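Hi,

Here is the structure I promised to pass on. Have a look at it first, and then read my notes below.

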Amino acid sequence: MVELVWLIPALPLAGFAVLLLAGPRLGEPRAGWLATAASAGSFLFTLVTFGGLLALESADEGGAGGHGGRWFVSTLFEWMPIGGLEVDAALLVDPLSMTMALFVTGVGTLIHLYSVGYMHGDPKYSKFFLYLNLFLFSMLMLVLGENLVVTFLGWEGVGTCSYLLISFWHERPTAATAGKKAFVTNRIGDFGFMIATFLLWTTLGTVSYAGIAAGAPALATGTATAVSLLLLLAAAGKSAQLPLYVWLPDAMEGPTPVSAMVHAATMVTAGVYLLVRLNPVLTDTALLIIAIVGAATALFAALAAVAQHDIKKVLAYSTVSQLGYMFLAIGSGAYVAAIFHVVTHAFFKGLLFLGSGSVIHGLGDEQDMRRMGALRAVMPVTAVTFIVGWLAIAGVPPLSGFWSKDEILLAAWEHSYVTLGWLRVGHVLWAVGLVTALLTAYYMSRQTFLVFFGGQRWDDSAHPHESPATMTLPLVVLAGAAAIGGIMNLPLVGDWLVLEHFLEPALAHEHRFSSQTWEKLLLAFVAVLAALIGITVAAATWLRSRLPGNRLEPALLENVFYVDSTISNFVGGPGTKAFEAAATADRRFVDGAVNGVAKLVRMLGEAVRPLQSGYLRHYASGVAVGAIILVIWLALQGVS
């Protein structure tokens, strides 16, 4: 059954092709149902391929991490036979690619279904689903690619589609600007991806993941560290880590299903996937830097989320913060914990984004939480499912977010990194993660209380109502997944199906937990206590009939430490002048030098052009004069 892997990306691509040719004629809702069917078919064949992968005999296959395991390559065609570079258009079926493909297609299908109702009445209805199918195809090529070049095809594809989807309502200047901002910022990360690929090719002679895993031990430490840091740059661009996070909050200008699809479940996890996929290359120095970047991003974004008023902006900064947790897990060598959190995050953050979209839809496009309140009575399904997502991300057991976040914190606590006297860096990073967990519980509780509890603050002209079944059904399914998703890494069914053991063949050096049981329980208790403190403080602050004003929301946090405005002011002021000066220097000096050489050559050509008149008598005269000069010269040589 693994041979059918090509159908997984082929079906969304086919949906894109049909919508490209006949989308306007199909119209609403048929265009939406066609795109949803293509996504659902992709999910079905992902399940079939997953079953085929489980059926493979591990003894007969070679694993990417060098430990043995299930591994299948489907070569579609020879793509780039250029000298010593041979790149196939090939798809990889292994535990990591299947884990990613399962939740990408599963959550993607629910988001497609949700969009059928959410995009009702939009004049560009069919175009939206065309973009959505193309995005899904690109993301699947990214995670299923057998080599870096195929992955880069998907990498650029999701970047292009995110631009198209974020700026979908381009009539709004803010949406058009947000799309361009995302596109430009991601190009910085793309630079890291390409240079890392070139470096791996020149040193190992291959871009396939199997070849890179096999050759990684032979890499010089300096080379491996350089590749690792370039991959971190690439991952920071896609997964919105400091300092390249600035595009993601503005990306909320796109329709809410875009926020759920691109910025919760799929594209923003591409950087995490890339680092985990190339884990054999990562060095200790690079891992420490990755962990520090992740912890700093998690805390920074959590502080920003505390003071946001836009319901989607809170979730946007929350996404940046949760991605920071994933980078902290990678830096701790806990690759399984990183992927575990990627999956659970897709469940509860996808749920929260779609829930916020349901609220926006029911309130007539209102997004300011200060104009909401008491919506649980008129939107019961949205309220109950949103509450499940809130408790999951807050880390309340036994919901899914508790299990994955607890593993990350435990891995940070155990990892030695470096020791500064009595101080272990791992303990510092654990403390940062714990504070972030407390802030997460606080700001998500604040959001839930402001939106669904307290007194009514919406305008009397608004008539909030529950969303249609096409929107509430995905909420219910995702709420169920967010509630019980943690069991995927618990040995309840059998060790063979536990995520940790399933992913092992794709990992070169996974972190092994060494803490004793009492220590694990103590750390888990502290994490849960932090979450309960955050919820309690939020309840004491926000469960009131009147808002307490802005005294708890300092301008520094509301404006996200003025990072974004500082960048904008620099680019629009000194940056623009610097670019103009560089353009002037290029025009005057570089172009001037080039044009000067061309002018000199042209003058020399003009000078010698009379020698090429085309008249035979001129050439004969020239030969005669030359012969006379030669005879005179020889005669003089003889005299001397």
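What follows is a quick tour, from the whole chain down to a few packed elements.

First, a reminder that this is a predicted model. The protein chain counts 640 residues, and 55% of them come out as buried. There are 23 helices and 4 strands in the chain. If you want to set up a box, the C-alpha atoms fill roughly 115 × 65 × 60 Å along the principal axes. Among contacts with a separation of 6 or more, 79% are between residues 24 or more positions apart.

Now to helix H4 (residues 125-144), which I looked at together with two helices from earlier in the sequence, H1 (residues 7-26) and H2 (residues 30-55).

Starting with H1: its axis comes within 8 Å of the H4 axis, and the two cross at roughly 160 degrees. Anything over 145 degrees counts as roughly antiparallel, so that is what H1 is to H4. The crossing of H1 past H4 is left-handed. On the H1 side the contact includes Pro9, Pro12, Phe16, Leu19 and Gly23, while H4 brings residues including Phe129, Leu130, Phe137, Met141 and Leu144. Sorted by class, this contact has 16 nonpolar and 4 polar residues, with no charged ones.

And how do the axes of H2 and H4 cross? They also come within 8 Å, but at roughly 15 degrees. With the limit for roughly parallel set at under 35 degrees, H2 and H4 are therefore roughly parallel to each other. H2 passes H4 in a left-handed crossing as well. Here H2 puts in Ala31, Gly32, Ala35, Ala38, Ser39 and Ser42, which meet Tyr125, Ser126, Phe129, Asn133, Leu136 and Leu140 of H4. The split for this contact is 7 nonpolar and 5 polar, again without any charged residue.

If you compare the two lists, Phe129 of H4 turns up in the contact with H1 and in the contact with H2. Asn133 is another H4 residue that meets H1 and H2.

Last, the strands. E1 (residues 72-82) and E2 (residues 85-93) run antiparallel and are joined by 9 bridges. They make a hairpin with 2 residues between them, and Gly83 in that turn has a positive phi of about 60 degrees. Within the pair, Phe77 of E1 stands opposite Ala89 in E2. Keep in mind while viewing that side chains in a regular strand alternate between the two faces of the sheet.

Cheers

Methods: Residues are numbered from 1 along each chain as its sequence is written. This is a predicted model: local features need pLDDT of at least 70, side-chain atom pairs count only at pLDDT 80 or more; totals for chains, interfaces and linings use all residues. Side-chain values use heavy atoms; hydrogens and water are left out. Axes are lines fitted to C-alpha atoms, for helices over the stretch in contact, and angles run from 0 to 180 degrees between N-to-C directions. Angles under 35 degrees count as roughly parallel, over 145 as roughly antiparallel, 65 to 115 as roughly perpendicular and the rest as oblique. A crossing is left-handed if the near helix is turned anticlockwise from the far one by less than a right angle, and right-handed if clockwise. Contact means heavy atoms within 4.5 Å. Ala, Val, Leu, Ile, Met, Phe, Trp, Tyr, Cys and Pro count as nonpolar, Asp, Glu, Lys and Arg as charged, and the others, Gly among them, as polar. Two strands pair if DSSP finds at least two bridges between them. Buried means under 20% relative accessible area, exposed over 50%, partly exposed in between (1.4 Å probe, protein chains only).
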